[in-house]
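Please look through the structure shown here, and then follow the paragraphs below, which lead from its pockets to one of its strands and end with a word on confidence.

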Amino acid sequence: IKEIQVRGGETISHEEVRTEVENELRGEYLRLVPHRFAFWYPHDVIVETLERIPRIHAITVERKGRTQLDVVFSEYAPFALWCVPLTPTPDCYFLDENGFAFAPSPALSGGSLVRHTFEDRTVLEVGQLIPSKTFAEVHTFLEKLSSELSLRVTDVFHTKDNDLYVSVNGGGEIRIAGGDSLDAVFENLKSVLASKDFAHLEPGNFQYIDLRFGNKIFVNEEELKVATTTSTTTEL
């Protein structure tokens, strides 16, 4: 192998990838056959080494002709965060769009990425956080909250019973029972916010809207101008 071509990714250095491959091509088998020998090059070892680079995935390594090695890879893109709250700042891992935790996140300010926390998961690690289908359904629900109801979500807390506590930017929480259809939950919530009694609700003037009890919706309001709290129950 005399030439190494590297393609793919957006932020991972091609030179870093090439250097890792070159390192694995050094040496010999039994001090006789060079690792660079085209027909016996250490394919599996190269792939395993490259898989240790943060954010890299879907690696293919193929020999082209007699002297060229092609390395092609994809790169995980940050879509959300999985965090374990600590003091003074939380530790987090990046999640891709399928709910796969792929690398530690630096300390981030702002709320461009939704933060997921779990009541029963306190150790961050690389791997599938929750089933990809469930993760996609949750984020479709969050997108509908933002686009149709102007409720931008900052955090999602997953309880041990799989309930969801969804925190809204500006203040307020939406509580959802584990296993409930998120499409049905959204329609219930939309009906509540469209009703005369609760049309005034907006981020900052309610503590929570609890949708975990079927057609019975519990709303806990926090009046911003006076230090009182009222709890209201409505049935659809």
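In this predicted model, the lining of the largest pocket is made up of 18 residues, and those that lie nearest its centre are Thr-134, Asn-162, Leu-164, Gly-178 and Gly-179. The space in this pocket comes to about 330 Å³. When the lining residues are sorted by character, eight are nonpolar, six are polar and four are charged. Helix 3, which spans residues 132-149, gives the most to this lining, with three residues.

Helix 3 also leads on to the second largest pocket, since there too this helix gives the most to the lining, in this case with four residues. About 200 Å³ of space lies in the second largest pocket, and the residues around it are Phe-79, Ala-80, Gly-111, Ser-112, Leu-113, Val-114, His-139, Leu-142, Glu-143, Ser-146, Arg-152 and Val-153. Of these lining residues, six count as nonpolar, four as polar and two as charged.

One residue of that lining, Ala-80, takes the reader to strand 6, which covers residues 80-84 and is mostly covered, with five of its five residues buried. Which residues lie on either side of strand 6? On one side are Ala-80, Trp-82 and Val-84, and on the other are Leu-81 and Cys-83, all of them buried, and both faces of the strand are therefore covered in the sense that buried residues have under 20% relative accessible area.

Strand 6 has partners in two senses of pairing. With strand 7, formed by residues 91-95, strand 6 runs antiparallel, and five bridges join the two; within this pairing, Cys-83 has Cys-92 of strand 7 as its bridge partner. With strand 9, formed by residues 115-118, strand 6 pairs in the parallel sense over two bridges, and here the bridge partner of Trp-82 is His-116 of strand 9.

It remains to ask how far the coordinates can be trusted. The mean pLDDT of the chain is 88, and 91% of its residues reach 70 or more. Over residues 224-233, however, the pLDDT is below 50, although this stretch has 20 contacts in the model beyond near neighbours in sequence. Where pLDDT is low, the predicted coordinates should not be read in detail.

Terms used
Residues are numbered from 1 along each chain as its sequence is written. This is a predicted model: local features need pLDDT of at least 70, side-chain atom pairs count only at pLDDT 80 or more; totals for chains, interfaces and linings use all residues. Side-chain values use heavy atoms; hydrogens and water are left out. pLDDT is the predictor's confidence in each residue, from 0 to 100. Contact means heavy atoms within 4.5 Å. On a 1 Å grid over the protein atoms alone, a cavity is a set of points where a 1.4 Å probe fits but cannot get out, and a pocket is an open set with protein on both sides within 12 Å along at least five of seven lines; lining residues have an atom within 4 Å of a point. Grid points are joined across faces, edges and corners, and a volume is the space filled by probe spheres set on the points. Ala, Val, Leu, Ile, Met, Phe, Trp, Tyr, Cys and Pro count as nonpolar, Asp, Glu, Lys and Arg as charged, and the others, Gly among them, as polar. Buried means under 20% relative accessible area, exposed over 50%, partly exposed in between (1.4 Å probe, protein chains only). Two strands pair if DSSP finds at least two bridges between them.
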